[in-house]
Amino acid sequence: MRFILLLSLTALAGCTESTGRFPSLLPRPIESTSLAEPDRPVAVATPDAALDKRIAEIRGTLAEGIKAFTAGAQDAEAKIAVSRGLPQGSEAWLQAQVAMGSLAELRRPAVSVLSELEELATQRGVDGLPPYPALDAAVAEADQAATQQQNRIDSLEAALGGTGN
């Protein structure tokens, strides 16, 4: 019986509070710290009259360039239609080639406007300013115009290439 009593007391001794030699099993402060990204408020661009004026000027240049390109593309298309079936090197074919060459020049305003607008947007980012919706819309418009113009040039070049030998 003594043996059982001694064994019971020894077992109970294991249930007492530790003397500090062992670490606590409670969560440490670092374990309860969240590693998730903090919520940051979305920066809102404040109106900028000077930038709005500059964007309007650039959009005006783009509109003029689109108008000139459209007229040039219609002219090239007409000259390509006339040269259809004629051999390469004929007068009509050469006129179509010249019209196609002028289209590349007429596309230049859309490309330069796009470059200028992207530069303005990049500079805002470098300056730590939030995106400017009017500027982003103008960049998208110029990009679309430049892409459409290049597609039209590619299409006309394909038509000119198939005009005959």
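**Salt bridges, helices and nonpolar cores**

Glu116 is partly exposed, with a relative accessible area of 29%, in what is a predicted model of the protein. Arg54, at 32% relative accessibility, likewise counts as partly exposed. The side chains of Glu116 and Arg54 meet in a salt bridge, with an N to O distance of 2.0 Å. Because Glu116 belongs to helix H3 and Arg54 to helix H2, this pair ties together parts of the chain that are 62 residues apart in sequence.

In total, the structure holds eight salt bridges. Another of them joins the side chains of Glu77 and Arg152, at 3.0 Å from N to O. This pair also links distant parts of the chain, with Glu77 in helix H2 and Arg152 in helix H4, 75 residues apart. Glu77 counts as partly exposed at 40% relative accessibility, and Arg152 is assigned to this class as well, at 27%. Salt bridges with shared partners further join Arg54, Glu57 and Glu116 into one network. Elsewhere, Arg40 forms a salt bridge with Glu37, in which the closest N and O atoms are 3.2 Å apart, and both of these residues are exposed.

The secondary structure of the protein comprises four helices and zero strands, and from the N terminus onward the elements follow the order α-α-α-α. The radius of gyration is 37 Å, well over the 15 Å that the globule rule gives for 165 residues, so the protein is more spread out than a compact globule. Along the principal axes, the C-alpha trace spans about 125 × 50 × 15 Å. Of the 165 residues, 23% count as buried. When contacts between residues at least 6 apart in sequence are considered, 81% of them join residues at least 24 apart.

In soluble globular proteins, nonpolar side chains tend to be buried together. In the present model, the largest nonpolar core contains 16 residues, of which Ile55, Leu62, Val113, Leu117, Tyr132 and Ala142 touch the most other members. Helix H2 (49-83), helix H3 and helix H4 (133-161) each contribute at least two residues to this core, and the largest share, six residues, comes from H4. Apart from neighbours within four places in sequence, Ala142 is in contact with Leu62, Val113, Leu114 and Leu117. A second, separate core of 12 residues includes Phe69, Ile80, Met100 and Ile153.

Leu103, a residue of helix H3, has a relative accessible area of 0% and is therefore buried. When residues up to four places away in sequence are not counted, Leu103 touches Phe69, Gly72, Ala73, Ala76, Ile153 and Leu156; Phe69 and Ile153, among these, are also members of the second core. The C-alpha atom of Leu103 is separated by 85 Å from that of Arg21, a residue 82 positions away along the chain. Ser24, by contrast with the buried Leu103, is exposed, with a relative accessible area of 53%, and is found in the loop between helix H1 (2-13) and H2. Between Ser24 and Val82, which are 58 residues apart in sequence, the distance from C-alpha to C-alpha is 92 Å.

Arg124 lies in helix H3, which covers residues 91-126. This arginine is buried yet has no salt bridge, and the nearest side chain of opposite charge, that of Asp48, is 4.6 Å away. With a salt bridge requiring a nitrogen to carboxyl oxygen distance within 4 Å, the separation of 4.6 Å leaves Arg124 and Asp48 unpaired. The side chain of Arg124 does, however, reach the backbone oxygen of Pro130, at a distance of 2.8 Å. Leaving aside neighbours within four places in sequence, the contacts of Arg124 comprise Ala45, Leu51, Leu129, Pro130, Pro131, Tyr132 and Leu135. One of these residues, Tyr132, is also named among the members of the largest nonpolar core that touch the most other members.

How values were computed: Residues are numbered from 1 along each chain as its sequence is written. This is a predicted model: local features need pLDDT of at least 70, side-chain atom pairs count only at pLDDT 80 or more; totals for chains, interfaces and linings use all residues. Side-chain values use heavy atoms; hydrogens and water are left out. Buried means under 20% relative accessible area, exposed over 50%, partly exposed in between (1.4 Å probe, protein chains only). Lys and Arg count as positive and Asp and Glu as negative; His and the chain ends are not counted. A polar contact is a pair of N or O atoms within 3.5 Å; within protein, one must be able to donate a hydrogen and the other to accept it, and residues adjacent in sequence count only if both atoms are side-chain atoms. Contact means heavy atoms within 4.5 Å. A nonpolar core is a set of buried Ala, Val, Leu, Ile, Met, Phe, Trp, Tyr and Cys residues joined through side-chain atoms within 4.5 Å. The radius of gyration is taken over C-alpha atoms; the globule rule is 2.2 Å times the number of residues to the power 0.38.
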